[in-house]
Amino acid sequence: MNINTIDNDITQARKVSDKTRLSVLNFLKNEINKIAKADKNRQPTDDDVITAGNRLVKQTKETMSFIDPSDDRYKSLSNEISIITEYLPKKMGKDELHSLISGILNDESTPEGKAQRGFVMKVLNSQYRGM
């Protein structure tokens, strides 16, 4: 997901007075910018969106683990997670992942032995990050 899409959605949320969405998107954008600035003050990338989004989802889920599911705050946090996940790549299913790994292993350039696992992880992380 592109940082410009988040900017556009922030503007849209502001126009329709969606305070929850606006707050979550501003927080997400702030986290994305922190990551980019920490890395030589560069422009944010799609990888930064994935990193920040995953980090925020993880933190929010941890917070939810301490709250009673019938509490309104729990429902609010669940809504925040659903907003953040809109900007993350869709997660792969087991079958799709197994198919990708099989394809990589069947490739002639895949090394044998212990190096094979590292090679598969390298390819998956470089081509399918966040999925």
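The following paragraphs go through the structure from the whole chain down to single residues.

This is a predicted model, in which local features need pLDDT of at least 70 and side-chain atom pairs count only at pLDDT 80 or more, while totals for chains, interfaces and linings use all residues. Residues are numbered from 1 along each chain as its sequence is written, and side-chain values use heavy atoms, with hydrogens and water left out.

The protein chain has six helices and zero strands. Read from the N terminus, its elements run α-α-α-α-α-α. The radius of gyration of the protein chain is 18 Å, well over the 14 Å that the globule rule gives for 131 residues, so the chain is more spread out than a compact globule. Helices (H or I, at least four residues) and strands (E, at least two) are DSSP runs, numbered from the N terminus. The radius of gyration is taken over C-alpha atoms, and the globule rule is 2.2 Å times the number of residues to the power 0.38. Along its principal axes, the C-alpha trace of the protein chain spans about 55 × 40 × 25 Å.

Of the 131 residues in the protein chain, 28% are buried. Buried means under 20% relative accessible area, exposed means over 50%, and partly exposed is in between (1.4 Å probe, protein chains only). The protein chain exposes about 9000 Å², and carbon and sulfur atoms supply 49% of this area. Accessible areas come from the Shrake-Rupley method with a 1.4 Å probe; for residues, only the protein chains shown count as cover. Among contacts in the protein chain with a separation of 6 or more, 51% are between residues 24 or more positions apart; contact means heavy atoms within 4.5 Å.

Helix α3 covers residues 46-64. This helix has 19 residues and reaches 27 Å from its first C-alpha to its last, close to the 27 Å expected at 1.5 Å a residue. The expected span is 1.5 Å times one less than the number of residues. The buried residues of α3 include Val49, Ala52, Leu56 and Thr60. An α-helix has 3.6 residues a turn, so residues three or four places apart point the same way. The buried residues of α3 pack against α1 (3-15), α2 (19-38) and α4 (72-85).

Asp48 lies in helix α3. Asp48 counts as buried because its relative accessibility is 3%. Leaving out residues up to four places away in sequence, Asp48 touches Ile32, Ile35, Ala36, Arg42 and Gln43.

Next comes the loop between α2 and α3, where Lys40 is found, as is Asn41. Lys40 is exposed, with a relative accessible area of 77%, and Asn41 is exposed at 56%. Lys40 has a positive phi of about 65° although it is not a glycine. Asn41, also not a glycine, has a positive phi of about 55°.

Further along the chain, Val120 lies in helix α6 (residues 115-127). Val120 is buried, with a relative accessible area of 8%. Not counting residues up to four places away in sequence, Val120 touches Ile101, Ile104 and Leu105. Val120 and Leu105 are 15 residues apart in sequence, and their C-alpha atoms are 7.4 Å apart in space. Ser102 is found in helix α5 (residues 94-106) and is partly exposed, with a relative accessible area of 37%. From Ser102 to Val120 the C-alpha distance is 9.7 Å, with their positions 18 residues apart in sequence numbering.
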